[in-house]
Amino acid sequence: QVQLVDSGGGLVQPGGSLRLSCAASGVTLDTYAIGWFRQAPGKQREGVSCINSSDGTSYYADSVKGRFTISRDASKNTVYLQMDNLKPEDTAVYYCAIPCALIPGLSLDYWGQGTRVTVSS
């Protein structure tokens with residue numbers, strides 16, 4: 001019943017921007033902590049950003065702090081990740097997931113199919 005659908009990835013040049021979207025079905029985002037993770041080839045999964053459903057407090061990995069912004073629209077049951085000043089090292093498959101915390105090895109109950117972000121000139 002629960003489905004998270006990621007979208008918005010693509011190919012962008014260094015310094016460019018993308019906005020990822022995560023549309024949720026079968027779950028009300030206000031009752032969960034939700035956020036974005038990424039995984040690059042040969043690397044472990046990394047928590048990118050999380051947002052608390054209760055108060056909207058956001059958290060960011062040090063590697064993206066100041067460049068990425070997470071937000072949510074409860075009316076649309078959608079979470080966004082605005083990515084600015086993208087760098088080649090941001091290249092990865094990004095997916096949203098529930099729950100969310102910037103903790104390595106966090107067990108995820110639900111996750112999207114992933115959307116690929118490639119930053120290259």
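Which handedness does the link of Cys50 and Cys100 have about the S-S bond? It is left-handed, with an angle of -70°. The model discussed here is a predicted one.

## Disulfides

The count of disulfides comes to two. Counted along the protein chain, the bonded cysteines follow the pattern 1-3, 2-4.

One disulfide joins Cys50 to Cys100, with an S to S distance of 1.9 Å. Cys50 belongs to strand β5 (residues 46-51), whereas Cys100 sits in the loop between β9 and β10, so this link ties together parts that are 50 residues apart in sequence. Cys50 and Cys100 are both buried.

The other disulfide joins Cys22 to Cys96, at 2.0 Å from S to S. The link of Cys22 and Cys96 is right-handed, with 65° about the S-S bond. Here both partners lie in strands, Cys22 in β3 (residues 18-25) and Cys96 in β9, so the pair ties together parts that are 74 residues apart in sequence. Cys22 is buried, as is Cys96.

## Aromatic pair

How many aromatic pairs does a search of the whole structure find? The search finds one. Its members are Phe37 and Tyr95, whose rings are 6.1 Å apart centre to centre. The angle between the planes is 20°, and the pair counts as stacked.

Phe37 lies in strand β4 (residues 34-39) and Tyr95 in strand β9, so that distant parts of the chain, 58 residues apart, are linked by the pair. Both Phe37 and Tyr95 are buried. Strand β9 therefore holds Tyr95 of the aromatic pair as well as Cys96 of a disulfide.

## Backbone geometry

Most residues other than glycine have a negative phi, and most peptide bonds are trans. The cases below depart from that pattern.

The peptide bond from Ile98 to Pro99 is cis, with omega near -5°. Pro99 is placed in the loop between β9 (92-98) and β10 (110-111). The loop between β9 and β10 also holds Cys100, the disulfide partner of Cys50.

Asn77 is not a glycine, yet has a positive phi of about 55°. The position of Asn77 is in the loop between β7 (68-73) and β8 (78-83). Asn85 is another residue with a positive phi, about 50°, without being a glycine. Asn85 lies in the loop between β8 and β9.

Is each of these asparagines buried or partly exposed? Asn77 has a relative accessible area of 15% and is buried because the limit for that class is under 20%. Asn85, at 42% relative accessibility, counts as partly exposed.

## Surroundings of Thr115

Thr115 is part of strand β11 (residues 115-119). With a relative accessibility of 9%, Thr115 counts as buried.

Which backbone atom lies 2.9 Å from a polar atom of the Thr115 side chain? That atom is the backbone nitrogen of Gly9. Gly9 is also among the residues that Thr115 touches, when residues up to four places away in sequence are not counted. The list further includes Asp6, Ser7 and Gly8, together with Leu20. Ala92, Val93 and Tyr94 complete the list of residues touched by Thr115.

Terms used:
Residues numbered from 1 in each chain as written. Predicted model: local features only at pLDDT ≥ 70, side-chain atom pairs only at ≥ 80, totals over all residues. Heavy atoms only, no water. Helix = DSSP H or I, 4+ residues; strand = E, 2+ residues; numbered from the N terminus. Buried < 20%, exposed > 50% of the residue type's maximum accessible area, 1.4 Å probe, protein only. Disulfide = S-S within 2.5 Å. Phe/Tyr/Trp six-rings, centres within 6.5 Å; stacked < 30°, edge-to-face > 60°. Polar contact = N/O pair within 3.5 Å; in protein donor to acceptor, adjacent residues only side chain to side chain. Contact = heavy atoms within 4.5 Å.
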